[in-house]
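Colleague: I have a few labels to check with you. Show me the model and we can take them one at a time.

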Amino acid sequence: MPAATVADLVPTSGVLFGCDYNPEQWDRETWREDMVLMREAGIDLVAINIFGWSTINPAPGVWDFAALDEMMALLHENGIRVNLGTGTASPPPWLSSTYPETLPMAPDGTRRYPGGRQAFCPSSPIFREHAAHLVETVAERYGAHPALALWHVSNEIGCHNALCYCDESAEAFRSWLQSRYGTIDALNVAWGTNFWSQRYTDWAQILPPRATLSLRNPAQLLDFSRFSSDAGLELYRAEAEIIRRHSSAPVTTNFMVTAHIRTQDYWTWAGEMDVVANDHYLDRRLPDPAAELSFAADLTRGLAGGEPWLLMETSTSAVNWQPHNLAKAPGELVRNVASHIARGADGICFFQWRASAQGAEKFHSALLPHAGTDSALWRQSVELGALLRRLAPVAGTRVAASAALLFSWEAWWALENEGRPSEALSYLEQVHAAHNALTAAGLTVDIVRPGADLDARSVVIVPALHVLRATEAQAITDAARGGAHVLVTFATGTVDENDRVGLGGYPALLRETLGLRVEEFAPLRPEDTVVLSNGSTGSVWSERITVTGAEVVASFTTGPAAGGAALTRNALGAGAAWYVATALAPADYAALIDRLATDAQAPRLRASSGELELVRREDGARRFLFAINHTDQDATVHTSGHDLATQEDVSGTVVVAAGTVRIIEESA
Ligand code: GLA
């Protein structure tokens with residue numbers, strides 16, 4: 001559970017408004033203008049020194065804090081609180097030129113060079129020693145500074161360099177394996193090294209999974225993913241431990257709960273953050289970027305244990321790192337921000353304050369664009385600040401959700417390992433499809449870790465949870481017995497935590513719960529679909545199933561499993577355990593969840609007409625309904641109260657115009 005709350009950071013703010021600021025890129029006159037404009041926009045919290053290492057420590061043993069001292073003082077004078085970077089995110093060129101062994105290595109043994117950022121091996125003892133010294137120096141100097149609100153450890157730890165294959169990583173991987181397995185024999189058993197003559201007789205023989213001629217050992221790959229996530233967490237811990245010796249301010253780092261980064265198992269990180277913070281950018285490469293945002297925000301709330309969290313970075317408009325960096329459409333920023341707050345964010349911060357004129361990110365949008373203050377983007381920033389102020393009453397309330405979705409980074413890693421049944425099966429696509437179906441059926445969803453207590457959940461969905469432990473399977477079974485309506489999808493529970501298949505028919509640990517055995521996977525070509533006897537369509541996957549007790553709700557009528565069960569329901573205790581053996585088309589998936597929600601009598605939020613993203617935050621008698629219209633058609637919802645977005649009273653059938661947002665403080 002987080003040790004601080006977002007509300008502690010800037011107690012006067014309500015929903016906090018913040019940004020990254022890189023004053024190293026600007027002259028003193030610009031700094032002064034920035035202070036005036038930050039006040040005009042209502043900025044509460046500013047992250048500085050994120051990439052400050054080469055400014056404050058320009059050469060070995062040389063320290064220069066003049067500019068940072070000045071900036072801390074300037075922000076303080078202007079009543080703006082500081083989210084202080086430790087500065088370790090990107091080492092200066094002198095470090096790697098003095099110690100080239102700190103540079104990261106790709107799987108093929110080639111080094112990656114400085115000239116970008118994060119050019120270090122996370123396990124490098126020399127990097128760690130220099131980073132620790134930097135953190136000690138910064139924490140000592142600013143630990144009690146009156147402007148300090150929050151410590152920002154490094155930056156997006158592992159964004160570019162999570163997986164390093166150098167000799168120092170090999171050494172660290174071996175120690176990690178020794179503490180996990182104790183003996184080399186235990187490792188041989190866990191990795192199944194009798195396969196392909198891979199049996200190890202000495203720890204020194206073990207390497208990171210470097211590039212090979214054939215498929216690599218999947219259990220080794222899975223452990224390397226775990227090790228690499230832990231190596232990033234160790235960097236965080238080392239910095240946090242130093243900071244806490246010098247400062248009582250809360251400590252965090254910015255997570256990357258997003259579709260394109262999967263190298264950190266944040267379930268294991270989250271408990272060490274004083275405040276859970278996430279960075280999120282719309283990914284225009286996805287079919288539905290706004291739906292992915294909703295999922296990521298729900299997952300961030302899950303990491304925060306249901307407490308309010310901080311959106312540490314997002315963009316006002318375009319980013320610079322996708323193939324086609326689309327500007328946000330009118331209203332899109334407010335919709336995105338509303339969706340984050342609806343799903344538990346109590347603070348919204350942007351990368352970055354002022355758009356860079358130089359460097360790799362000069363085409364990334366900012367609160368203050370290249371065009372300056374005489375621009376629609378700037379006016380939008382000022383209006384957003386005012387909106388966040390009006391949302392102050394929402395801060396501290398909780399999201400009301402009765403459904404749960406089980407999510408696991410381990411399952412993501414293992415399911416997409418080498419040598420799998422089908423490359424068309426993407427873990428995240430299956431998870432997103434499940435989240436979309438729950439949302440379409442009007443359910444608000446908490447995203448939880450496998451093994452979490454599912455008591456009081458009316459609907460539980462377990463999408464493609466490839467890796468499953470006995471305790472995790474038991475929690476799913478208990479939920480169904482206890483009255484939940486549980487849906488398990490194909491590719492769940494195929495292997496244990498060592499990537500070993502459970503024999504006797506999949507999913508070994510849930511066969512009884514589901515009342516069936518999967519005898520064979522029968523994946524589909526990416527372009528193929530199958531039809532089910534209830535009229536539903538499936539893609540990606542099918543299976544040959546023997547039913548041992550479940551009711552067959554629909555069977556495959558076409559495809560490699562034609563004639564066999566496709567959708568089953570096993571009544572269990574007070575609830576039911578459903579199973580689906582294919583990737584249902586979105587409307588069919590939503591209809592299935594609708595049936596489960598009806599059976600479960602789960603509370604739902606639905607538009608009266610049209611399509612709306614609807615989420616409620618509440619705290620006792622205070623209730624806030626977020627109604628977000630992502631479409632180009634007006635929609636309506638039934639409620640009454642005061643709309644904090646438009647500042648008008650509403651009641652009855654309330655219109656949410658195309659592309660707009662209403663945030664209604666509902667009357668009792
Ligand atoms: C990440 C980083 C920032 C910046 C943004 C650009 O979130 O943390 O430094 O590079 O991406 O989108």
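Colleague: Why is Val10 called buried?

Modeller: This is a predicted model, so the value is computed from its atoms. Val10 has a relative accessible area of 6%. Buried means under 20%, so Val10 counts as buried.

Colleague: Where is Val10 found, and what is it in contact with?

Modeller: Val10 is in the loop between α1 (6-9) and β1 (16-20). Leaving aside neighbours within four places in sequence, Val10 is in contact with Leu16, Asp44, Leu45 and Arg81. For each, heavy atoms come within 4.5 Å.

Colleague: How far is Val10 from Ala473?

Modeller: Their C-alpha atoms are separated by 42 Å. Along the chain, Val10 and Ala473 are 463 residues apart.

Colleague: Ser402 next. What makes Ser402 count as buried?

Modeller: Its relative accessibility is 14%. The cut-off is under 20%, so Ser402 counts as buried. Ser402 sits in the loop between β10 (398-399) and β11 (403-406). Beyond four places in sequence, its contacts include Leu443, Thr444, Arg457 and Pro603.

Colleague: How do you know that the span of α6 is close to the expected one?

Modeller: Helix α6 (residues 125-142) has 18 residues. The expected span is 1.5 Å times one less than the number of residues. That gives 26 Å for α6, and the helix reaches 26 Å from its first C-alpha to its last.

Colleague: Which residues of α6 are buried, and what covers them?

Modeller: Among the buried ones are Ile126, Phe127, His130, Leu134, Val138 and Tyr142. The cover includes α4 (66-77), β3 (81-85), β4 (148-152) and α9 (218-246).

Colleague: What makes the ligand's pairing with Tyr281 a polar contact?

Modeller: A polar side-chain atom of Tyr281 lies 3.5 Å from an oxygen atom of the ligand. The limit is a pair of N or O atoms within 3.5 Å, so the Tyr281 pair counts. A ligand oxygen is also 3.0 Å from an N or O atom in the side chain of Arg117. For the side chain of His364, the value is 2.7 Å. Taken alone the ligand exposes 310 Å², and the protein buries 97% of that. Residues surrounding the ligand also include Phe51, Asn155, Glu313 and Trp321.

Colleague: Which residues have the most contacts inside the largest nonpolar core?

Modeller: They are Ile43, Ile48, Trp151, Leu303, Trp353 and Phe407. That core has 169 residues. A second, separate core of 16 residues includes Phe173, Trp191, Tyr200 and Phe224.

Technical notes: Residues are numbered from 1 along each chain as its sequence is written. This is a predicted model: local features need pLDDT of at least 70, side-chain atom pairs count only at pLDDT 80 or more; totals for chains, interfaces and linings use all residues. Side-chain values use heavy atoms; hydrogens and water are left out. Helices (H or I, at least four residues) and strands (E, at least two) are DSSP runs, numbered from the N terminus. Buried means under 20% relative accessible area, exposed over 50%, partly exposed in between (1.4 Å probe, protein chains only). A residue is near a molecule or strand if one of its heavy atoms lies within 4 Å of it. A polar contact is a pair of N or O atoms within 3.5 Å; within protein, one must be able to donate a hydrogen and the other to accept it, and residues adjacent in sequence count only if both atoms are side-chain atoms. Accessible areas come from the Shrake-Rupley method with a 1.4 Å probe; for residues, only the protein chains shown count as cover. A nonpolar core is a set of buried Ala, Val, Leu, Ile, Met, Phe, Trp, Tyr and Cys residues joined through side-chain atoms within 4.5 Å.
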